[in-house]
Amino acid sequence: MTSKTKTSNTTTNTTTRRGALKTLGLGAGAAATLPLWARYSSAQSAEPIKIGFQVHRTGIGAAYGRWYDRTSTAAAKVINDMGGINGRPVQIIAEDDGTDPKRGAEVVEKFATQHNCDIAFGTLFSHVVIGSAPRAGELKIPYFVVSEGHHVASGMLNRYTLQPGITDVKSQVQAMAPFVSSNLGKKVTMIFPDFAFGHDHRDYFTAAIEAQGGEVLAHIAIPPTETSFTKYFPKIPRQTEVIYHVMVGPAVLTFVKELGEFFGPNRPEMFGFIDSLEAVDIASPGLEFLEGSYFWEGMPRYAQADQTPYDKFYREHVGVDENGASVSDPKDISTFAHMFGCWETLFTVKQGMEAAGYQGVADRAKLIEAVEAMTDIPISNEHPQGTKLFNGKTHQVFGPQYISKVNEGKLILQHTTSIEDTLYPDEVDYTTQPL
Amino acid sequence: MSDRQKTVLLHGGLLALLLGLQFVLPAYHHGNLARIMVLAVYAMGYNIMFGYTGLLSLGHALFFAAGMYGMGMSVQLLGATPAPAMIGGLIAGAVVAAALGALALRTADVAFMIVTLMFAQAGYLAVLYFGSVTRGDEGFVIQQAQRMMMGIDLSDATNRYFAAFILFALCLIAVLWLVQSPFGKVLVAIRENEERARMLGYDVFRHKLIAVILSGTMSAAAGAAYGLLFGYVGATFASVQYSIFPLLWVLLGGAGTALGPFIGTLFMFYLIDLSSNVTSAYMLIAGVALVVLTLFAPQGLIGEVRSRIWRWLP
């Protein structure tokens, strides 16, 4: 003890003003060369907040994954430029899930037990979410999904899985029915892929259009392996006023082309979900038949005449032009109707962590409770898609939906639904589950 | 030391090592090894048909999925607890294997491969077609409460590891017994020269059919256990890529060896996991590794060990 004190005193005695200045100068120089995380000196911990990003880099979801990646990277940069979360920088740790539920679950495990991430975040395809969520719940790592599936609000998952950045398919579909029945027609024929995504549309829209006094004349389910669709079109009843279509995947171009050849110039009204044509240029050869038809959009791909400053801010930072394409490559069309969910989710995580006073993995439960306590989410740079309402019991956000019309190869906004159009009774109360 | 003693020592040593690793592995690798043991059971099932009987199936996902859905449907529709649900999965796998074997074994070689592939594709499409029950491509969750077996929570990491270990150990012992039994030797005889086996008076069709049923049931056990231990049942596991995986694992590890399926599964799992840390083109790395192994170790890792060092390996 004595010896240590003496050493300390000796050190103090040898300090000179010049020496101190020199040390400070060296220190400042060294600080400037430090990585970003090391400069967040005001935080209790300078360690970055690690966000495990489960991304579809390969597999059928790769086009979505590419843009989810760009959007998340852009959002993380904005957050870091704002000073991070609770004074700590955000670090995105991305892992490819291969758009596969087995690999997805493995990736969530990797985030929790190898990378020591604070949360897991990201993925779109429902089967990957449903396959991964049980592991997230078991490992007690908050899992923020951007999937638009109804699986979260249906009660199928667990308290550690939340969807605060994008609305679910049930609310999207039911919100379309008032517009379709009032403006396009009441007698609808639905054409959809014969798997769960298509079945969701079949079930939710059929109920919603009947509630509006309309009816679905025929459900035409197309097997997922189908490559030609002409043989299905004679099944469309003659009295059909509206065709509701939600075909997805590479065959959609063939579907539209063959539908155009079948009907010629005298077609019924057409209403579709833009999921069919995400990352596809509406002005592509073969899609001319869609001129004058209507689409649901999660967020308008084309900058509209009354573009909000928030939309402008978001596009600038993600690198998307007024046509919804990459600023560096006009042929690289974004998945604009969905990818805003990544942006908004990351800002919701920021808001949740700040409300919870989040410091580390021991505060994960506090983060869940803080997000569950959220309700109104006003439109802003952080939430450019629109004002939203978060339901803490069902872990699902609700917000506006957009209906656009194809006009000269561009999507022009026709109608914006209210949040009330998208609401439905709660199917679960996750807050009753233990943390 | 006799070959039998060496066999017991080596395989018993592996099981002891796996049991011991439970207590020392970091959490991430602990979880991985539980998963690998279950998938290795799938590969061992495949190996009974491919490695020992010489029947190249391209449709084994049908059996894996039959076990998974047999278990999952028992839980969802009948409210079964894990043990009866597991038996449901085994029965589903055995029945599907018997039906497929009875039909597909009327063909041989390339035709057999195509028939098994088409049956598996039909099974995959059936899962999608009956989506109102199976939840199609999305699949469904086996909730934590549904995974309680006699008071043991199978979603707990330690319990999951032990459950996977017990299944793996039982199947490894069963395979070792099978291949050293007179029945197993007939299977090898069929693989080496089917006509000669027939001339010697063996009922080749019956032996092959039993091999298909055993192989399908073991694969189904893996599928049922996978769904039960990891809490998810989905159509992806019935898709064609899950028919190709066991073929790759067995080829890598060594067809016709008892340890090969485990080594191949372990190798492939970590090859993808580690290479995905380096590049998004990790499947390219996996592909190159496979080509290199095929060129320089055509009998697989354990197969090469058997041909060069331990000729007694079963």
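In the next few minutes I will walk through a predicted model with chains A and B, going from the domains of chain A to its strands and helices, and then to chain B.

Let me start with the overall division. Chain A is divided into domain 1, which takes in 49-167 + 338-394, and domain 2, which takes in 170-297 + 404-413. The centres of these two domains of chain A, taken over C-alpha atoms, are separated by 31 Å. Where they meet, six residues of domain 1 of chain A are in contact with seven residues of domain 2 of chain A, and the domain 1 side of that contact has two nonpolar, four polar and no charged residues.

Now to the strands. In chain A there is an open sheet of five strands, in the order S2-S1-S3-S4-S5, with parallel pairing. Its edge strands are S2 and S5 (161-162) of chain A, each of which pairs on one side only. If we look at that S5(A) edge, we find two bridges joining it to strand S4 (residues 143-145) of chain A, the two running parallel, and there Tyr143(A) has Thr161(A) as its bridge partner. Helix H4(A) lies across S1 (49-55), S2, S3 (119-122) and S4 of chain A, and it runs at about 170 degrees to S1(A).

A second group of strands involves S9(A). On one hand, four bridges join strand S8 (residues 242-245) of chain A to S9(A), in parallel, with Tyr244(A) standing opposite Phe271(A). On the other hand, three bridges join S9(A) to strand S10 (residues 294-297) of chain A, again running parallel, and here Phe273(A) stands opposite Trp296(A). Is S9(A), then, largely enclosed or largely open? Four of the five residues of S9(A), residues 269-273, are buried, and therefore the strand is largely enclosed by the rest of the structure.

I would next like to turn to helix H7(A). Its 16 residues, at 1.5 Å a residue, should span 22 Å, and because its end C-alpha atoms are 23 Å apart, the expectation and the model agree. The buried residues of H7(A) include Phe197(A), His199(A), His201(A), Tyr204(A), Phe205(A) and Ile209(A). What do the buried residues of H7(A) pack against? In chain A they pack against H5, H6 (169-184), S6 (187-193), S7 (215-222) and S8, and in chain B against helix H6 (131-134). After H7(A) comes Gly213(A), whose phi is positive, near 90 degrees.

That brings us to the contact between the chains, in which 27 residues of chain A are in contact with 21 residues of chain B. On the chain A side, the elements giving two or more residues are S2 (90-96), H4 (101-113), H5 (126-139) and H7 (196-211) of chain A. Of these, H5(A) gives the most, with eight residues. By class, this side of chain A divides into ten nonpolar, eight polar and nine charged residues.

Finally, a look inside chain B. Two packed helices are described by the angle between their axes and the distance between the axes. For H3 (residues 61-78) and H5 (residues 109-129) of chain B, the axes come within 8 Å and cross at roughly 35 degrees. Ala61(B), Leu62(B), Ala65(B) and Tyr69(B) in H3(B) meet Phe119(B), Ala120(B), Gly123(B) and Val127(B) in H5(B), and the residues of this contact divide into seven nonpolar, one polar and no charged.

Methods
Residues are numbered from 1 along each chain as its sequence is written. Chains are lettered from A and ligands numbered from 1 in the order in which they are written. This is a predicted model: local features need pLDDT of at least 70, side-chain atom pairs count only at pLDDT 80 or more; totals for chains, interfaces and linings use all residues. A residue is buried if 20 or more other C-beta atoms lie within 10 Å of its own, exposed if 12 or fewer, and partly exposed in between; C-beta atoms are placed from the backbone. Two strands pair if DSSP finds at least two bridges between them. Two residues are in contact if their C-beta atoms, placed from the backbone, lie within 7 Å. Ala, Val, Leu, Ile, Met, Phe, Trp, Tyr, Cys and Pro count as nonpolar, Asp, Glu, Lys and Arg as charged, and the others, Gly among them, as polar. The expected span of a helix is 1.5 Å times one less than its number of residues. Axes are lines fitted to C-alpha atoms, for helices over the stretch in contact, and angles run from 0 to 180 degrees between N-to-C directions. Domain bounds come from an automatic or database domain assignment.
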